[in-house]
Amino acid sequence: MATGLSNKQIGQAGEFAVCSQLGKLGLVATPFSGNVPYFDVLVTDEELRTLPLQVKATFGNRDWIVGSALDWMAVDLNHETKEQHVLGPKEIRHPDLIYVYVWLSRAPGVLDRYFILTEREVQEILVKGYDKWLSGLKPPYIRPKKYDSFHIIISLSELDHFENNWDLIRSRLS
């Protein structure tokens with residue numbers, strides 16, 4: 001018997017949790033369970049104005065795995081010195097797309113947490129955070145274990161400022 005949830009189950013739970021919260025705000029929302037390339041949920045108001053949302057969920061962790069830094073920024077990797085240096089943000093396809101990061105609680109009675117921001121704001125956090133992380137390594141700019149990895153995360157503390165920022169969705173719909 002499996003003891004943990006798969007990434008697919010966590011993603012689905014996050015999408016339904018977001019839809020539930022939007023319903024409590026008087027909006028209609030429906031998830032697409034990963035079947036649409038650029039968004040996971042559509043939200044609609046009483047005037048039938050519609051907005052796509054990207055949902056990212058984690059279950060009890062303090063971080064979200066974002067994937068590769070190269071999706072968000074230009075990074076110079078010197079194979080001789082093994083150093084990585086952030087050159088700056090890359091052009092992103094949907095900078096105004098709204099992301100909802102969902103922290104799903106493992107504990108009964110502990111509320112889930114929601115962080116709402118744009119893709120552009122996600123990128124700013126990732127670029128700044130990855131550069132700061134690289135510069136703080138010992139030795140600086142050389143990733144431990146696998147120097148040519150571009151694996152990147154976004155942490156709960158980096159998103160604190162955007163917690164319960166539901167007004168971003170409301171303002172985009174109006």
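**View 1. Helix α2 across two strands of the predicted model.** In this predicted model, helix α2, spanning residues 119–135, lies across β7 and β8. The direction of α2 is at about 100° to that of β8. Strand β7 covers residues 98–104 and is joined to β8 by six bridges. These two strands run antiparallel. Within the pair, Trp103 stands opposite Arg113 of β8.

**View 2. The five-stranded open sheet and helix α1.** The strand order is β1-β2-β3-β7-β8, and the pairing is mixed. Strands β1 (28–31) and β8 (113–118) form the edges, each pairing on one side only. From one strand to the next, the twist averages 25°. Helix α1, made of residues 7–24, packs on this sheet and touches β1, β2 (41–44), β3 (50–59), β7 and β8. The direction of α1 makes about 130° with that of β3.

**View 3. Surroundings of Arg143.** Arg143 belongs to the loop between α2 and β9 (151–155). Which side chain of opposite charge is nearest to Arg143? That side chain is Asp148, 7.8 Å away. A salt bridge requires a side-chain nitrogen within 4 Å of a carboxyl oxygen, and Arg143 has none, although the residue is buried. Two backbone oxygens are reached instead by the Arg143 side chain: that of Ser149 at 3.5 Å, and that of His151, which lies 2.8 Å from a polar atom of the side chain. Leaving aside residues up to four places away in sequence, Arg143 touches Gln84, Tyr130, Trp133, Leu134, Leu137, Ser149, Phe150 and His151.

**View 4. The cis peptide bond before Pro139.** The loop between α2 and β9 contains Pro139. The peptide bond joining Lys138 to Pro139 is cis, with omega at about -5°.

**View 5. Lysines with positive phi.** Lys82 is not a glycine, yet its phi is positive, at about 65°. Lys82 is placed in the loop between β5 (73–78) and β6 (83–89). Is Lys82 buried, partly exposed or exposed? Its relative accessible area of 39% makes Lys82 partly exposed. Lys145, also not a glycine, has a positive phi of about 70°. Lys145 sits in the loop between α2 and β9. With a relative accessible area of 92%, Lys145 is exposed, the cut-off for that class being over 50%.

Notes. Residues are numbered from 1 along each chain as its sequence is written. This is a predicted model: local features need pLDDT of at least 70, side-chain atom pairs count only at pLDDT 80 or more; totals for chains, interfaces and linings use all residues. Side-chain values use heavy atoms; hydrogens and water are left out. Two strands pair if DSSP finds at least two bridges between them. Helices (H or I, at least four residues) and strands (E, at least two) are DSSP runs, numbered from the N terminus. Axes are lines fitted to C-alpha atoms, for helices over the stretch in contact, and angles run from 0 to 180 degrees between N-to-C directions. Contact means heavy atoms within 4.5 Å. Buried means under 20% relative accessible area, exposed over 50%, partly exposed in between (1.4 Å probe, protein chains only). Lys and Arg count as positive and Asp and Glu as negative; His and the chain ends are not counted. A polar contact is a pair of N or O atoms within 3.5 Å; within protein, one must be able to donate a hydrogen and the other to accept it, and residues adjacent in sequence count only if both atoms are side-chain atoms.
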